Amino acid sequence: MTGSIKASRTFDTPTRISLPVETYSNDVDWIAVQRVVQDDRPLPALTREEQRAAALLLTAAGRSEQDAARLVGTHHRQASRWKEQVGLKTPRVCKVEDCEGQIKALGLCHRHYQQELRRRNPQPPKPGKTTCRRGHAYPDCLGYRKDGKPYCRPCDRAARKAYRERTSAATRDDMRKAA
């Protein structure tokens, strides 16, 4: 059993919207939803589920997403997402061939949008280092670790020597204390 609600604020001919007869179901107060759909002022405060139900009913009746979102008190993009979730609107996908990503901007998904931004506004390359922190000239002192990361050979040699001296002195002190 369903009742009918007339929605006629922006239309010349009223549109009928079917609602369940019960006044409250699944966390939705249908009387509050009915007041929003009929634009009965003052509009009640709606829960998230009530906003969703009212926006879907309004857009299914032919209202624009912007108008429905304004009436229920949410952003038009949220109303658009709700329509996509229930299948009233097909999700827009990236215009790049063989890409199924959801559109972010310019008809592109996030990945291809970032690529397009970099292509349009290329960043100038960072100036290369000429010396290490201690002033050794690159590339003469440069070495590469097994993982491919660069390092300064003289600085690395000095750090290893300092470590050996620290640990050997600590070991000698430990042996003296133990004796």
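Start the tour at helix 3: its buried residues pack against helix 1 (30–37), helix 2 (48–60) and helix 4 (76–86). The model on screen is predicted.

**Stop 1: helix 3**

Select residues 65–72. Of the 8 residues in this helix, 6 are buried, so helix 3 is largely enclosed by the rest of the structure. To see them, colour Glu-65, Asp-67, Ala-68, Ala-69, Leu-71 and Val-72, which are the buried residues of helix 3. Now step past the end of the helix. Helix 3 is followed by Gly-73, whose phi is positive, near 80°.

**Stop 2: the largest nonpolar core**

Keep Val-72 selected and add Trp-30, Val-33, Val-36, Leu-46, Ala-54 and Leu-58. These seven touch the most other members of the largest nonpolar core, which has 17 residues. Helix 1, helix 2 and helix 3 are the elements that give two or more residues to this core. Which of them gives the most? Helix 2 does, with 6 residues.

Centre the view on Val-33. With neighbours within four places in sequence left aside, Val-33 is in contact with Val-28, Leu-46, Glu-50, Ala-54 and Leu-57. Two of these contacts, Leu-46 and Ala-54, are also on the list of core members that touch the most others.

**Stop 3: helix 4**

Move on to residues 76–86, which form helix 4. Here the buried residues to pick out are Gln-78, Ala-79, Ser-80, Trp-82, Lys-83 and Glu-84. What covers them? The cover includes helix 2 and helix 3. At the end of the helix, select Gly-87: this glycine comes just after helix 4 and takes a positive phi of about 90°.

**Stop 4: the loop between helix 4 and helix 5**

Follow the chain into the loop between helix 4 and helix 5 (110–120), where Asp-98 is placed. Most residues other than glycine have a negative phi. Asp-98 is not a glycine, yet its phi is positive, near 65°. Is Asp-98 buried or exposed? Its relative accessibility is 76%, so Asp-98 counts as exposed.

Leu-106 lies in the loop between helix 4 and helix 5 as well. Its phi is near 55°, again a positive value in a residue other than glycine. Leu-106 has a relative accessible area of 47% and is partly exposed.

**Stop 5: cysteines and the second core**

Show the cysteine sulfurs. The structure holds 0 disulfides. Cys-94 is in no disulfide, and the nearest cysteine sulfur, that of Cys-109, is 3.9 Å away. For Cys-109, the closest cysteine sulfur is in Cys-99, at 3.6 Å; this is too far for a bond, because a disulfide needs the two sulfurs within 2.5 Å.

Are Cys-94 and Cys-109 buried or exposed? Cys-94 is buried, with a relative accessible area of 5%, and Cys-109 counts as buried at 6% relative accessibility.

Next, select Cys-94 and Cys-99 together with Leu-108 and Tyr-113. These residues are among the 5 that make up a second nonpolar core, separate from the largest one.

Add His-112, which is placed in helix 5. With a relative accessible area of 12%, His-112 is buried. What does His-112 touch? Not counting residues up to four places away in sequence, His-112 touches Cys-94, Val-96 and Cys-99. Cys-94 and Cys-99 are thus contacts of His-112 and members of the second core.

**Stop 6: a charge over a ring**

Select Arg-145 and Tyr-151. The charged end of Arg-145 sits over the ring of Tyr-151, 4.3 Å from the centre of that ring. There is no point in looking for paired aromatic rings, as a search of the whole structure finds 0 aromatic pairs.

**Last stop: the whole chain**

Clear the selection and show the full chain as a cartoon. The secondary structure comes to 6 helices and 6 strands. From the N terminus on, the elements run β-β-β-β-α-α-α-α-α-β-β-α.

Switch to a surface. The accessible surface of the chain comes to about 13,300 Å², and carbon and sulfur atoms account for 50% of that area. Of the 179 residues of the chain, 30% count as buried. How much of the contact network spans 24 or more positions? Among contacts with a separation of 6 or more, residues 24 or more positions apart account for 24%.

Definitions and conventions: Residues numbered from 1 in each chain as written. Predicted model: local features only at pLDDT ≥ 70, side-chain atom pairs only at ≥ 80, totals over all residues. Heavy atoms only, no water. Buried < 20%, exposed > 50% of the residue type's maximum accessible area, 1.4 Å probe, protein only. Helix = DSSP H or I, 4+ residues; strand = E, 2+ residues; numbered from the N terminus. Contact = heavy atoms within 4.5 Å. Phe/Tyr/Trp six-rings, centres within 6.5 Å; stacked < 30°, edge-to-face > 60°. Lys NZ or Arg CZ within 6 Å of the ring centre and 35° of its normal. Areas by Shrake-Rupley, 256 points an atom, 1.4 Å probe, with all protein chains shown as cover. Core = buried A, V, L, I, M, F, W, Y, C linked by side-chain atoms within 4.5 Å.
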